[in-house]
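User: I am new to this structure and would like a close look at one part of it. Could you walk me through that part step by step?

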Amino acid sequence: VDGGGNLYVAGQGYMYFGFGLARYDSLGNLIWSRSFTSGGLWVDQVRGLTVDSSGVYVGGNRFQQCGCTPTWSETQSGQVVKYGLDGSYQWAYRTPAVVGYANSFGVAADGLGNVFFAVTLYDFAGPSQTTFLKRLSSAGSEVWSHTMTDNSWSGKLSCRQSDGRLFLVYDWWWYPSQSVRVKQCDPLNGNEVATGDWIVPQNTYVNSITGVVVDAGANVYVSGTLTNTAYTDSSMFLVRFPQTLSSTDWALVYNTPGSDSAAMNNSADIGSAIPFCGTMNGWQYSGQPCSSPGNSDVLVRGLSAGGNILWSTQIDGPSSAEFYDVNSLSGGDVTVVGRDLYVQSVFRYSSSGSLSWEQAVTAAGHCVNWTGAGAVLGDTTYLPVDGYDLSATYFRDDILIVKYDANGSQIGTIVVPVDSQSSNLGGVAVDAG
């Protein structure tokens, strides 16, 4: 969402070579829509979306089958595509293609015309995989490219527009141990000015890093999932790094042997509670039983800045429940998105942990398949939804944005037609405007 309240949505459909990008005004009216493709046999993948005063940037990867032996070998590269706020194509920046793998960490803008892009490249003909942090100008030229002193296959990139603080978070191996590593980088040249590590518990490894939040005091919160080396259990974690990154303030790991737990995201609401959510599968989780053996429930906890549990609640359904996203609202309230069996729902909790309301996600003319990571602006919740078009003469999904007010009333729906059999939800972002 830009400073004028306009909403931008990007994503690609199943077996679709390019991606779509659309702009809507604050009332949900379509302003323009565009389709992008690299052409030929290139497949374009969306890994992130950001907007500033000069345009909208879509970051991700692209790949094509190269016809090599083995047949799974591909030519891949990282990619950033820019469109003007009027929908005019501006430019496409691409890293040199490699016969191997490329994985983007996302794209971030500092609000001053600079765009940051992180990508890991693994060239089968090269010495090893390498992670690059790059700064692009608003015109698409590479201002600098910094080769990180260490690398990882996946992670998250975050930039605070208030002061340009740039953070790259990923998993890092310290054989025989592994850590969650946070790098603060200088936006002027990419140099690594501070490094923080949280060494994960023994006999576990980082399965995924799912969320990065920086609060007003420049403390960094990272959430993710751990898996034990026997591949029999997983845990969710939340760790806080101070501004200096010289240590960790605290780290929380939620797991009970014999259960599986997956952290999907985290969000920080400074001055009240830090909400943290995850999906837990199995019989027990942190001493709390699931609704039945083999089930999955959702655990929502409000944490103080010191990592203490202020409140805790559990969502369980008739057979399974799954968590997708959590966001903080004004006054310390929290919205949670998930499903109870096959019913997609959005929940709102007060700062004390009590349930304010629960609404099933519906969209006129559509059968809701699943929801994605939502966002909030003030007391309004924006929720991306994949829905089957009931009026279509063939199997077709659309992407929708459903809006809820502070009382849980649905106040608007934006439909993004997608001529595809399936949709891949990339998420929604809302800025301070």
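Analyst: Here is a walk through strand 10 and its surroundings. This is a predicted model, in which local features need pLDDT of at least 70, side-chain atom pairs count only at pLDDT 80 or more, and totals for chains, interfaces and linings use all residues. Residues are numbered from 1 along each chain as its sequence is written, and side-chain values use heavy atoms, with hydrogens and water left out.

Let's start with strand 10, residues 129-136; strands here are DSSP runs of E with at least two residues, numbered from the N terminus. Of its 8 residues, 6 are buried, so strand 10 is largely enclosed by the rest of the structure. Buried means under 20% relative accessible area, exposed over 50%, and partly exposed in between (1.4 Å probe, protein chains only).

Strand 10 pairs with strand 9 (115-123) in the antiparallel sense over 8 bridges; two strands pair if DSSP finds at least two bridges between them. Within that pairing, Leu121 has Thr130 as its bridge partner in strand 10. Strand 10 also pairs with strand 11, residues 142-147, again antiparallel, over 5 bridges. There, Phe132 stands opposite Thr147 of strand 11.

Now for the connections. The hairpin of strand 10 and strand 11 has 5 residues between the strands, and Gly140 takes a positive phi near 95 degrees there. On the other side of the story, the loop between strand 9 and strand 10 holds Phe124. Phe124 counts as partly exposed because its relative accessibility is 34%.

Note on methods
Helix = DSSP H or I, 4+ residues; strand = E, 2+ residues; numbered from the N terminus.
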